[in-house]
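Trainee: Hi, could you walk me through this one? I haven't looked at it before.

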Amino acid sequence: MGRILAIDYGNKRVGLAVTDPSRIIASPLDTIHSQDLLAYVLAYHRREPLAAIVVGMPRTLLNEPTDVTSAVVGLLRRLRKELPDVPVHEIDERFTSRMAHAAMLAGGLGQKARRDKATVDRVSAALILQSFLESPAGRAVA
C-alpha cells in the first residue's frame, strides 16, 4: 500500500506532505526549491512507492488562473509523463495558506514560526492532502 504525496507548488518553494502507509493521516514532509521538485519526487517514489500524487491547483477567488497556474499545469504534465503508473490528481487550493496560518495559530506556534513561509508551505500541502483524503476521489484511492 503506497503513500499519497501532496504538492503545494510555488515559483520559488514547494511544500510537500505525505500520508502514513495506511493513507489515513496527512503530515507535512518537506519544503524544497521548485527546480528540485521532479528529482525529489522521483527519488521519493523509488524509496517509498507512491499510490497517488495530489497537486494543489492555484485559482483566484473568481476561479481564474493565477500567475502560478501555468507552471502547475506544466508540472502535472511532467509528473504524468515521468510516473505513468502513478495517478496524479489536482485539487483546488484556494484558502490553504490562510487555513495553514489558522492551524498553526491554533496549534500554538509562535509568531516567528507562523511567518516562516517554508512552514506555511508544508502545512498548506498537508491541508491539500487532507482535503483530498476526505474527497470521493481520495476515498477511492485509499
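Mentor: Sure, we'll go through the sheet, then the strands and helices around it.

Mentor: This is a predicted model, where local features need pLDDT of at least 70 and side-chain atom pairs count only at pLDDT 80 or more, while totals for chains, interfaces and linings use all residues. Residues are numbered from 1 along each chain as its sequence is written, and side-chain values use heavy atoms, with hydrogens and water left out.

Trainee: OK, in what order do the strands of the sheet come?

Mentor: The open sheet has five strands in the order β3-β2-β1-β4-β5, with mixed pairing. Strands here are DSSP runs of E with at least two residues, helices are runs of H or I with at least four, and both are numbered from the N terminus. Two strands pair if DSSP finds at least two bridges between them.

Trainee: Which strands stand at the edges?

Mentor: β3 and β5 (88-92) do; each has a single partner strand, so one side of each lacks a neighbour in the sheet. On average, neighbouring strands are turned by 25° against each other, direction ignored. For angles, axes are lines fitted to C-alpha atoms (for helices over the stretch in contact), and values run from 0 to 180 degrees between N-to-C directions.

Trainee: Let's zoom in on β1. Is it buried or exposed?

Mentor: Seven of the seven residues in β1 (residues 3-9) are buried, where buried means under 20% relative accessible area, exposed over 50% and partly exposed in between, with a 1.4 Å probe and protein chains only. R3, L5, I7 and Y9 point one way, and I4, A6 and D8 the other.

Trainee: Why do they split like that?

Mentor: Side chains in a regular strand alternate between the two faces of the sheet.

Trainee: And what are the bridge partners of L5?

Mentor: In β4 the partner is I53, and in β2 it's V18. β1 runs parallel to β4 (residues 50-57), with five bridges, and antiparallel to β2 (residues 13-19), also over five bridges. β1 and β2 make a hairpin with three residues between them.

Trainee: Switching to α1: which residues are buried there?

Mentor: In α1 (residues 37-47), L37, V41, L42 and Y44 are buried. They sit on the same side of α1 because they cover an arc of only 160° around the axis, taken from the directions from the helix axis to the C-beta atoms. A39, R46 and R47 are exposed on the other side.

Trainee: What do the buried ones pack against?

Mentor: β1, β2, β3 (26-33), β4 and α2 (69-82), with contact meaning heavy atoms within 4.5 Å.

Trainee: And where does α2 lie?

Mentor: Across β1, β4 and β5, running at about 165° to β4.
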